[in-house]
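This briefing goes through a single protein chain, from overall figures to individual residues. Please keep the sequence and the model at hand while reading.

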Amino acid sequence: MVSTTTLPVSISPAKSLTNITVIPQFPQNPKTLILNRCKSTRDLNQVHAHLIKTRLLLNPSITENLLESAALILPNAMDYALSIFRNLEEPDTLAYNIIIRSLTLKHSPLDAIVMFIKMVENSVQPDEFTFSSVLKACSRLRALGEGEQVHAHIVKCGFKLNGFVVNTLIHMYAVCGELEVARQVFDGLPERNVMAWNSMMAGYVKNERWGEVVELFRKMLGLGIGFDEVSLISVLTACGRVANLEMGEWIGEYVEANGLKGNIALVTSLVDMYAKCGQVDKARQIFDRMDKRDVVAWSAMISGYGQANRCREALDLFHDMQKANVDPNEVTMVSVLYSCGVLGALDTGKWVDFYVKKKKMKLTVTLGTALIDFYAKCGCVGDSIEVFNRMPSVNVFSWTALIQGLASNGQGKRALDYFELMQEKNIKPNDVTFLAVLSACSHAGLVEEGRNIFVSMNKDFGIEPRIEHYGSMVDILGRAGLIEEAYQFIRNMPIQPNAVVWRTLLASCRATKNVEIGEEALQQIIRLETPHSGDYILLSNIYASAGRRDEALRVRNQMKEKRVKKVAPGCSVIQLNGVIYEFFAEDKVCPHSEEVYKATHDMMKRIKAAGYVPNAADGRLDAEEDDKQQASVSHHSEKLAIAFGLIRTRPGTTLRISKNLRVCTDCHNATKIISKVYNREIIVRDWNRFHHFKEGSCSCNDYW
């Protein structure tokens, strides 16, 4: 508190002044007293009373000091500042500037614009600081119309070449999405300093026009214009998004050569750029060499691992972040939830949800949608719905994530119910929403509903189906066993079918043992692109399921002759007590291998006694070393993971498995019997959908 005599009553500008005690040794120039020593509204109240008594308040500079203290320095004193302002007989430019700037900073941009209008109406001349502040207010509201009117005043008042004003003007147009106008303003400057270039690049960044950021920087270099660290951060962000590693590496060398590694924001941008360009190990090297790492740096590296599908490393780094006592923010949480969803790491993701609640973090649309997606990918649809219901606001992405989650977990009809509810709430679906809805129809066998929705896309919503939507329709027909109709649908497509569409048809031929169309589908794939191992394996499996084992072996031999390697071995993941365990088919070197294989042997023996018969068609016909060797279906990766889960958890505990490939018929049949024999719920997520096994049946109704 200021060292002055305490007044008997609280004084405000609107009240009459009585019984005021004289403040001893009040300075002739009270600027320091007002701006530096007034720590509360009560302090300022006392000084204000003395200024009125001594008539020093008539001095404009002192009044503005008082106004600045209330409006910009003291917390929660905006009403007091406005009271002072309203009692000024003729507020000048500086007084208006203080109020407009304060209203903009304190999240009242509309009031700031209204104050500017009042200023113009009262014929008070704006200056460069006025225009800068009111343009920032327009930016916050994305008030393009008001911003254009301010622009007209800028030209009228002769500030159209003022760099300080023009930089803010560029920013306003960019925020409002008028990049072409922003560029016209930028190009109209006779001299452009680094701030102008940075404003234009920031505008492109804001609108995700990454290519223009890089091109503008190239032009800047070509003209020999000096840049600063702000410039480099914008360009690095753009380089990461367009995978321009060459430019990013050039900036990295510049940072190294010019001793800029102390700038945390700049080095973090380097980490992010390398990660987004696929150079995750290089990003980690830079990250590890940072002297200080803030939450943004940690988040960038965690996100980089997730984007590179190195999700285990992402979660390991998150645990390191916790040990370093760095509090995560929303960006961190979204990245961690993504990796948890990929791995099915329910324990870690649940901790994130608990942390959000404990810290009372705002459940934004982005964070809430990430939680919905995470729970759905762990098979916890009820939790996804609970998060959706507690979100204060949702958008089309939130609805789509929930619909997709329901679809992939076998609740197709419920997904369609939410799609109808979404439309009742006047949320317009986008093209991704329709992919989710068509997926729901596919998984639930809702053929007629799928046909109607496909037609409705263009007819009712004006959304032209993309190749992915046509592929979904082929999947709906194929899963329903309508192979001939699916084939004709492809032939009648108005756009050229790609290999993915033909591959979808190929996969559908297995259930119906349709060798002829399966052969045709593979030939079309070969015509369009170099086929991968999965294509040959699908056709081989079709032959095997049709009892044509010699032809199945012939296809496998063709793979070897053409040196076609399996893209990825079958891998299943299970998380137990926060630890993630990976299993590969026939993996004899995994940790606990002796324990795992003994448990698998016991499990298989027990389910055989309950009626399980191995499906020889799902044996590995493509054993790597010996053509005559046929690996046992007993050692498929999901069976190893399930056996390990059974011996490492208490009876009745739900097991959650994630697999990188489609679940084979034999493992599907075996898991149904395991769920009944061991009285366990087993949730398996393969590359395409969820299987909820319980009491001897599966949520997919043997339809996948």
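The protein chain has 35 helices and six strands. The model is a predicted one. Taken along the principal axes, the C-alpha atoms fill a box of roughly 105 × 55 × 55 Å.

**Whole chain**

- The protein chain has 704 residues, and 51% of them count as buried.
- Its accessible surface comes to about 33500 Å². Carbon and sulfur atoms account for 50% of that surface.
- Among contacts in the protein chain with a separation of 6 or more, 63% are between residues 24 or more positions apart.
- There are 82 positive and 79 negative side chains in the protein chain. The centres of these two sets lie 5 Å apart.

**Salt bridges**

- How many salt bridges does a search of the whole structure find? The search finds 27.
- One salt bridge pairs D353 with R390, and the closest N and O atoms are 2.6 Å apart. This pair links distant parts of the chain, with the two positions 37 residues apart in numbering. D353 is in helix α20 (residues 346–358), while R390 is in helix α22 (residues 381–390).
- Is D353 buried or exposed? D353 has a relative accessible area of 3%, so it counts as buried. Its partner R390 is at 27% relative accessibility and therefore counts as partly exposed.
- D431 and R466 also meet through their side chains in a salt bridge, at 2.8 Å from N to O. The two residues are 35 residues apart, and the pair links distant parts of the chain. D431 belongs to helix α25 (residues 431–444). R466 sits in the loop between α26 (447–461) and α27 (467–479).
- Both members of the D431 and R466 pair are partly exposed: D431 has a relative accessible area of 24%, and R466 is at 30%.
- A further salt bridge joins the side chains of E551 and R548, at 2.6 Å from N to O. E551 is partly exposed, with a relative accessible area of 23%. R548 is partly exposed as well, with a relative accessible area of 34%.
- Which residues are joined into one network by salt bridges that share partners? They are E180, R209 and E212.

**Buried serine and threonine residues**

- S398 lies in helix α23, which covers residues 396–408. Its relative accessible area is 0%, so S398 is buried.
- Leaving aside neighbours within four places in sequence, S398 is in contact with V365, T369, I372, F388 and M391.
- T268 lies in helix α15 (residues 264–276). T268 has a relative accessible area of 5% and is therefore buried.
- Which residues does T268 touch, not counting those up to four places away in sequence? T268 touches M290, D294, V296, A297 and A300.
- S133 lies in helix α7, made of residues 128–141. With a relative accessible area of 11%, S133 also counts as buried, because the buried class runs to under 20% relative accessible area.
- Without its neighbours within four places in sequence, S133 is in contact with I100, R101 and T104. For one of these, I100, the C-alpha atom is separated from that of S133 by 6.5 Å. S133 and I100 are 33 residues apart along the chain.

**Nonpolar surface patch**

- L110, V114 and L141 form a nonpolar patch on the surface. Together these residues have about 270 Å² of accessible area.
- V114 has its place in helix α6 (residues 109–121). Its relative accessible area is 48%, so V114 counts as partly exposed.
- Why can V114 be part of a patch while it is partly exposed? Patch residues need over 30% relative accessible area, and V114 has 48%.

Definitions and conventions
Residues are numbered from 1 along each chain as its sequence is written. This is a predicted model: local features need pLDDT of at least 70, side-chain atom pairs count only at pLDDT 80 or more; totals for chains, interfaces and linings use all residues. Side-chain values use heavy atoms; hydrogens and water are left out. Patches are made of residues with over 30% relative accessible area and no salt bridge: like charges are joined within 9 Å, nonpolar side chains (Val, Leu, Ile, Met, Phe, Trp, Tyr) within 5 Å. Accessible areas come from the Shrake-Rupley method with a 1.4 Å probe; for residues, only the protein chains shown count as cover. A salt bridge is a side-chain nitrogen of Lys or Arg within 4 Å of a carboxyl oxygen of Asp or Glu. Helices (H or I, at least four residues) and strands (E, at least two) are DSSP runs, numbered from the N terminus. Buried means under 20% relative accessible area, exposed over 50%, partly exposed in between (1.4 Å probe, protein chains only). Contact means heavy atoms within 4.5 Å. Lys and Arg count as positive and Asp and Glu as negative; His and the chain ends are not counted. The place of a charge is taken as NZ of Lys, CZ of Arg, CG of Asp or CD of Glu.
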